[in-house]
Amino acid sequence: MTVKACGAHSADQPLVAMTIDRRAPGPQDVQIEIAYCGVCHSDLHTVRSEWPGTLYPCVPGHEIVGTVSAVGNDVAGFKVGDVVGVGCLVGSCGQCSACGDGLEQYCERGMVGTYNGPTNDAPGHTLGGYSQRIVVDQGFVLHIRHPQQQLAAVAPLLCAGITTYSPLRHWNVGPGKKVGIVGIGGLGHMGIKLARAMGAQVVAFTTTESKRDEAHRLGADAVVVSRDAGQMKAQQGSFDFILDTVAAPHVLDAFTALLKRDGTLCLVGAPATPHPSPSVMGLIFGRKAIAGSLIGGIAETQEMLDFCAEHGIVADIEMIRAQDIDAAYERMLHSDVKYRFVIDCATM
Ligand code: NAP
Ligand code: ZN
């Protein structure tokens with residue numbers, strides 16, 4: 001079955017309309033008519049080959065919300081008409097210790113990404129949510145329990161939501177903890193909302209002074225302009241945990257200096273070129289850690305979606321048409337997103 005999609009034929013060309021094949025649903029498959037797909041900075045990194053290994057044609061998109069239009073014979077738990085989501089992964093080995101622990105994103109044989117991942121389907125790599133339809137193994141489909149009118153704003157939870165929720169949970173963010181969120185973009189604005197809902201004291205770090213009021217509105221107790229040395233110094237040694245979502249290289253020492261003893265700076269931003277090497281002394285004195293975290297497993301993604309439905313949490317979005325994606329990428333590169341672009345896939 002061919003469907004309309006939007007993707008790139010090479011790193012240096014804009015996205016264009018194209019048609020792609022979707023397999024007929026097998027026994028384990030759920031076929032989904034995509035209503036909305038969020039635009040993640042990872043889409044830009046991939047489509048422009050800022051990270052190694054992009055296969056073309058490249059159809060990005062891993063923040064997918066839509067309606068089930070067919071299910072395979074062995075599918076339990078999803079039926080035609082259900083509102084569902086698909087995030088960053090559509091497959092894993094199911095056998096290794098990571099999969100056994102519900103951490104499919106760390107599959108030891110390699111998880112299958114929603115785009116640019118290995119598949120037997122044409123053209124040999126997965127094609128993502130900038131399209132009208134997707135067919136996904138039932139083990140990687142999520143239930144959406146938010147009200148119908150919020151569905152576009154739910155889409156970003158499938159990556160930006162889980163990528164911030166998972167480390168906040170792993171490092172036990174909650175009441176009595178002081179948490180920093182660095183970079184107020186798609187991931188960062190979700191990080192503020194989630195850390196706040198978990199009961200932590202939240203400080204937002206931004207390079208954009210004009211986001212100060214917005215960051216407070218999103219739930220930050222305090223806002224620090226990270227380019228202002230005085231404001232940074234005032235926060236020294238006070239954080240239990242800092243989540244860094246920045247998509248560009250920057251000096252990490254500026255943030256490890258803000259950690260308490262035994263505090264952790266967790267990196268989720270994945271710049272195309274390295275950060276300057278952090279100071280070892282800055283870590284030794286205070287037993288501080290720099291860590292990383294990759295999206296989240298399927299069970300935890302469902303937990304996050306249900307947590308957000310319960311707490312009334314969605315992303316702040318700007319809806320765009322498929323033909324506006326390149327313009328949205330340019331604004332994303334200028335930190336000018338409020339705070340996630342979402343494609344109305346009816347415009348495909
Ligand atoms: P985004 O919407 O573009 O937000 C990134 C924010 O970082 C910007 O809004 C800006 O916030 C700040 N920033 C940008 N350039 C900066 C610079 N040169 N110096 C300091 N701050 C800067 O991107 P996103 O979609 O949230 O994604 C962020 C990163 O996370 C990307 O690298 C993406 O690939 C990665 N990611 C990782 C995972 C994972 O599993 N680990 C999952 C999804 C995405 P301010 O204006 O507030 O400074
Ligand atoms: Zn993403």
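These are legends for a set of close-up views of a predicted model.

**A few ground rules.** In this predicted model, local features need pLDDT of at least 70 and side-chain atom pairs count only at pLDDT 80 or more, while totals for chains, interfaces and linings use all residues. Residues are numbered from 1 along each chain as its sequence is written, chains are lettered from A and ligands numbered from 1 in the order in which they are written, and side-chain values use heavy atoms, with hydrogens and water left out.

**View 1. The zinc ion (ligand 2) and its protein donors.** Cys40 (SG), His62 (NE2) and Cys159 (SG) are the protein donors here, sitting 2.0 to 2.2 Å from the zinc ion (ligand 2). Donors are N, O and S atoms within 2.8 Å of the metal (3.2 Å for Na, K and Ca), and water is not among the atoms, so sites may look incomplete. Along the sequence, the donor residues are spaced C-x21-H-x96-C. Cysteine 40 and histidine 62 link distant parts of the chain, 22 residues apart: cysteine 40 is in the loop between β3 (29–39) and α1 (41–47), and histidine 62 is in the loop between α1 and β4 (64–71). Helices (H or I, at least four residues) and strands (E, at least two) are DSSP runs, numbered from the N terminus. Cysteine 40 and histidine 62 are both buried; buried means under 20% relative accessible area, exposed over 50%, and partly exposed in between (1.4 Å probe, protein chains only).

**View 2. Helix α4, largely enclosed.** Of the 11 residues of α4 (residues 160–170), 9 are buried, so the helix is largely enclosed by the rest of the structure. The buried ones are Ala160, Gly161, Ile162, Thr163, Thr164, Tyr165, Ser166, Pro167 and Leu168. They pack against β10 (178–182), α5 (186–197), β13 (239–244), β14 (259–267), α10 (298–311) and β17 (340–344); contact means heavy atoms within 4.5 Å. After α4 comes asparagine 172, with a positive phi near 55 degrees.

**View 3. Threonine 301 and the largest cavity.** Threonine 301 sits in helix α10 and is buried, at a relative accessible area of 4%. Its side chain reaches the backbone oxygen of glycine 297 at 2.6 Å. Beyond neighbours within four places in sequence, threonine 301 is in contact with Leu142, Leu158, Ile162 and Gly296. Those four residues turn up again in the lining of the largest cavity, along with Gly87, Cys88, Leu89, Ile295, Ile298 and Thr301. The whole structure has 1 cavity of 30 Å³ or more, and the largest cavity has a volume of about 60 Å³. On a 1 Å grid over the protein atoms alone, a cavity is a set of points where a 1.4 Å probe fits but cannot get out, and a pocket is an open set with protein on both sides within 12 Å along at least five of seven lines; lining residues have an atom within 4 Å of a point. Grid points are joined across faces, edges and corners, and a volume is the space filled by probe spheres set on the points. The lining of the largest cavity divides into 7 nonpolar, 3 polar and no charged residues. Ala, Val, Leu, Ile, Met, Phe, Trp, Tyr, Cys and Pro count as nonpolar, Asp, Glu, Lys and Arg as charged, and the others, Gly among them, as polar.

**View 4. The second largest pocket.** This pocket has a volume of about 330 Å³. Its lining takes in 20 residues, with Arg23, Val90, Thr119, Thr126 and Val135 lying nearest the centre. At least two lining residues come from each of β6 (89–91) and β8 (133–137), and β8 gives the largest share, 4 residues. By type, the lining splits into 9 nonpolar, 5 polar and 6 charged.

**View 5. Backbone oddities: cis peptide bonds and positive phi values.** Tyrosine 56 and proline 57 are joined by a cis peptide bond, with omega about 0 degrees; proline 57 is in the loop between α1 and β4. Another cis bond runs from lysine 338 to tyrosine 339, with omega near -20 degrees. Aspartate 262, in strand β14, has a positive phi near 70 degrees and is partly exposed at 36% relative accessible area. Isoleucine 295, in the loop between β15 (289–292) and α10, has phi near 25 degrees and is buried at 8%.

Notes
A polar contact is a pair of N or O atoms within 3.5 Å; within protein, one must be able to donate a hydrogen and the other to accept it, and residues adjacent in sequence count only if both atoms are side-chain atoms.
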